[in-house]
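Grab a coffee and open the viewer. Here are a few short exercises to work through with the model in front of you.

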Amino acid sequence: MSWPYLHTLVNHFPIVLTVIGALAVLLSAMVQRRATWVYALSTLTLAGILIYPAWLTGGRAGRAVRDAWYIEKGAVHTHSAAADVTLWIVGVTGLLALLALITMIRTREATSPARAFRVRVGLGALVSLCAV
């Protein structure tokens, strides 16, 4: 299996999970139900975990196709730079979502994470949407 093929298989998961997670955070902010918050935070945590394999395979795939005739000069470098930024944004958002999820699990009666986590995860999800 080639790196470009593997990257094509892997890279869509964190993108889709980030979009769905951000929409779930928005819904959770409106509905204020525990289940929607747990789903939103779990989805963003999973996106944060899966962003690294997408970034790793992308680096290897970029080296494999950098000089291909069908790739425009500079496109791989531009894509790689955007991937570096996205790795950090989605990774930090996933970490914040994980911390918020842990606090919700420890506090059974909580219907939503603490306000600080709600704000940070919400902003992180919004910025992540722009990054992906």
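The exercises below go from the whole chain to helix pairs and then to single residues, and the model is a predicted one.

**Exercise 1. Work out what secondary structure the protein chain has and in which pattern.**

Step 1: Count the elements. You should get five helices and zero strands.

Step 2: Read along the sequence, and the pattern comes out as α-α-α-α-α.

Step 3: Now look at the overall dimensions. The C-alpha trace spans about 60 × 25 × 20 Å along its principal axes.

Step 4: Check burial and contacts. Of the 132 residues in the chain, 33% are buried. Take the contacts between residues at least 6 apart in sequence: 75% of them join residues at least 24 apart.

**Exercise 2. Decide how α3 and α4 are oriented to each other.**

Step 1: Get the two quantities you need. A packed helix pair is described by the angle between the axes and the distance between them.

Step 2: Find the helices. Helix α3 covers residues 34–65 and helix α4 covers residues 75–106. They pack at an angle of about 155°, with their axes 7 Å apart.

Step 3: Apply the cut-off. Angles over 145 degrees count as roughly antiparallel, so α3 and α4 are roughly antiparallel to each other.

Step 4: Add the handedness: α3 passes α4 in a left-handed crossing. The residues of this contact divide into 19 nonpolar, eight polar and two charged.

**Exercise 3. Do the same for α2 and α5, and list who makes the contact.**

Step 1: Here the angle is about 140° and the axes are 9 Å apart, with α5 at residues 115–131.

Step 2: That angle makes α2 oblique to α5.

Step 3: The crossing of α2 past α5 is left-handed.

Step 4: Pick out the residues. From α2 come Thr-18, Val-19, Ala-22 and Val-25, while α5 brings Val-121, Gly-122, Ala-125, Ser-128 and Leu-129. Sort them by type and you have six nonpolar, three polar and no charged.

**Exercise 4. Is Asn-11 buried or exposed, and what does its side chain contact?**

Step 1: Locate Asn-11 in the loop between α1 (3–10) and α2 (12–31).

Step 2: Check the accessibility. Buried means under 20% relative accessible area; Asn-11 has 17%, so Asn-11 counts as buried.

Step 3: Look for partners. The Asn-11 side chain makes a polar contact with the side chain of His-12, at 2.8 Å.

Step 4: Now look further along the chain. Trp-55 is 44 residues away in sequence, yet the C-alpha atoms of Asn-11 and Trp-55 are separated by 7.7 Å.

**Exercise 5. Describe the backbone and the exposure of Gln-32.**

Step 1: Go to the loop between α2 and α3, where Gln-32 is found.

Step 2: Check phi. Gln-32 has a positive value of about 60°, although this residue is not a glycine.

Step 3: Check exposure. With a relative accessible area of 34%, Gln-32 is partly exposed.

Note on methods
Residues are numbered from 1 along each chain as its sequence is written. This is a predicted model: local features need pLDDT of at least 70, side-chain atom pairs count only at pLDDT 80 or more; totals for chains, interfaces and linings use all residues. Side-chain values use heavy atoms; hydrogens and water are left out. Helices (H or I, at least four residues) and strands (E, at least two) are DSSP runs, numbered from the N terminus. Buried means under 20% relative accessible area, exposed over 50%, partly exposed in between (1.4 Å probe, protein chains only). A polar contact is a pair of N or O atoms within 3.5 Å; within protein, one must be able to donate a hydrogen and the other to accept it, and residues adjacent in sequence count only if both atoms are side-chain atoms. Axes are lines fitted to C-alpha atoms, for helices over the stretch in contact, and angles run from 0 to 180 degrees between N-to-C directions. Angles under 35 degrees count as roughly parallel, over 145 as roughly antiparallel, 65 to 115 as roughly perpendicular and the rest as oblique. A crossing is left-handed if the near helix is turned anticlockwise from the far one by less than a right angle, and right-handed if clockwise. Contact means heavy atoms within 4.5 Å. Ala, Val, Leu, Ile, Met, Phe, Trp, Tyr, Cys and Pro count as nonpolar, Asp, Glu, Lys and Arg as charged, and the others, Gly among them, as polar.
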